[in-house]
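Here is a model to explore through a few questions and answers. Take a look at it first, and then let's work through it together.

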Amino acid sequence: MAQATSPPTDREPGREPEPGRGRASAAAGADDAAGLGRVRASAFVVPALGLVGVFLVFPAIWTLYLGLTNFRLTGVAAAHPKVVGLDNYTNALGDPGFLNSLWLTLLYVLGSAVVGQSVLGFVVVWLMREAPRAVRTTVETLVMLAWILPSSVVSFLWIAMLDRDAGTLNALLHTPGTAWLISHPLLSIIVFNTWRGTAFSMLLYSAALDGVPPSQLESARLAGASGWQQLRDVVFPHIRGHLLTNLLLISLWTFNDFAPYLITAGGPNGASETLPVFVYQTAISDGRLGFGSAISLLMLLINLVLAVGYLRLLRERRP
Amino acid sequence: MTPAQWLRRLGFYLVIVLIAAFLALPVLWLVFAPFDRTPTLATSLPAWTLHNFATLADNPYALRSLGNSVLLAVGTMVLVTVLGALAAYALSRVRIPGRDGLLYALLLLSSIVTGTAAMVPIFLLIYQLNLIDSQLGVVLVLSGGLLPAAIFIMKDFMDTTPRSYEESARVFGAGPLQILRDVVVPVVRPGIATCAVWTVVNVWGNFLTPFILLRSPEKSPAAVVLYTFYTEGGQPNLGLISAFSLLYSVPVVAMYLFVNRRYGFRFHGGIKR
């Protein structure tokens, strides 16, 4: 759903310079150029905050309570949900389905975001510096296209390409009859997500490389540094902050990615059941809402850790 | 050039060709299959026809679902842009107590409480509010999720616009609301436009929220209906699926091209699915 879009070059909230402040420090509403006044200003903010409060904050807090109950949509537990304490959490930690799903999610995030998108994004940016303009535009457009197409569409494109009988991949590799989504489900969604999300890394690294002083690269080249040495000693120290920012954000998004459901629906036999798919199957399909809430809360906590890490990075990188 | 340099050039282009092939391969089907008389899952140059689009027009759910997508996208866009712009303006210009903490909390929340992680409580909330299978429920949930980031995008624009316009309008005796309408809105229009496009693209592609909150196919947006086309049992109708996929993709591609040409797709506007 919503994702923090602030690029690392953005100013941090609350730290922005206050142009009106020093000039007229006497009046409280010195910034208030249109003469809005506090009451009217609050009236402007309240509707938005109300909506966010009800449909974003409340659900997150409610999860805390729901996870402690045996809530179900139908049957006895629907009419009179009982508080079962930490049972859902202890059950989850002993549930092979959950543990399997947690492990698969880790592999999915590492494989497709940390390695796949990040490396491919950097390689594209690095190669395109030397490529002719037409090649550069073409490749960048392709990367962006994979990113902006709706997920229902790209999912079917991959189902078609990996199809056992008529898929393009089997035709290219001369491996007729290989059902990639059944024999290599996790690898398939990892490659899919690498393809799907490289754009963000590309855009971010491209902005980062613009900040590397060309003179330093030039002197490194004159001093006889190889391409790899230039990367390691000149480029990398400059973009380290961007690199970390990128890794945290794409990990967060990949962790919350529901697209695997559209391609493999978690199958076969849970072999590609990442956490979002697992929550959907247990809570919405099977109706175990209490148990599902407990797992939702665990997901929210993991998101919190990643997001706090990201915000701390943003703060640290400010001079 | 020395042979070594030639070899290096060759390797360079080989890698580029491989990457481009990896990127382009899945999309080719979307380009060719809709125009193929007998579309298969394999990518091939088509025997040209527009027949698949006629099939699409005959399907009771396909075009209707595009209408639903428009409804959801426009509804959410109006709610998010109007409420977001008002809040962003007030937060940008007036020192409301606790503003900085509020903004920090909003930023944190918008990245943590994703539709996926909060799927269960959101589903239950909408269930308790009797809004299951209602498009209003979907619009409200999507708006709640998108508003924090929207406020951020627009506040950023507003922070960078000079206050002097508003101050001079005030000197000439304009009231606050008049200033807002005649001075502020025209000045921050690019920010509002960016936010509107960003919201539409987000909602247009969103699958999960309508998937869990809507029941009847007559109300479902294209994202969900397309999915049911290729997962319901039997032989999938590839002509229908391909033509529908293409029609459904065109608006986001068009919006991307528009934004790219107008503002350049760099990291300043902060547009992201």
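Helices, of at least four residues, and strands, of at least two, are DSSP runs numbered from the N terminus. Keep in mind that this model is predicted.

Q: How many helices and strands does chain A have?
A: Going from the N terminus, each element of chain A is an α in the run α-α-α-α-α-α-α-α-α-α-α-α-α-α. The count for chain A is therefore zero strands and 14 helices.

Q: What share of the residues in chain A is buried?
A: A residue counts as buried if 20 or more other C-beta atoms lie within 10 Å of its own. Applied to the 319 residues in chain A, that gives a buried share of 46%.

Q: Which helix supplies the largest share of the side of chain A that touches chain B?
A: The contact takes 93 residues from chain A and 94 residues from chain B. Several helices of chain A each supply at least two residues of that side, including H4 (96–128), H9 (185–210) and H14 (289–316). The largest share, 20 residues, comes from H1(A).

Q: How many residues of the side of chain A that touches chain B are nonpolar?
A: That side of chain A divides into three classes, among them seven charged and 20 polar residues. The nonpolar residues number 66.

Q: Where is the kink in H4(A) centred?
A: At 1.5 Å a residue, the 33 residues of H4(A) should span 48 Å, and the 45 Å between its end C-alpha atoms agrees with that. H4(A) nevertheless has a kink of about 30°. The kink is centred on A:Gly116.

Notes:
Residues are numbered from 1 along each chain as its sequence is written. Chains are lettered from A and ligands numbered from 1 in the order in which they are written. This is a predicted model: local features need pLDDT of at least 70, side-chain atom pairs count only at pLDDT 80 or more; totals for chains, interfaces and linings use all residues. Two residues are in contact if their C-beta atoms, placed from the backbone, lie within 7 Å. Ala, Val, Leu, Ile, Met, Phe, Trp, Tyr, Cys and Pro count as nonpolar, Asp, Glu, Lys and Arg as charged, and the others, Gly among them, as polar. A residue is buried if 20 or more other C-beta atoms lie within 10 Å of its own, exposed if 12 or fewer, and partly exposed in between; C-beta atoms are placed from the backbone. The expected span of a helix is 1.5 Å times one less than its number of residues. The bend at a residue is the angle between axes fitted to the seven residues ending there and the seven starting there.
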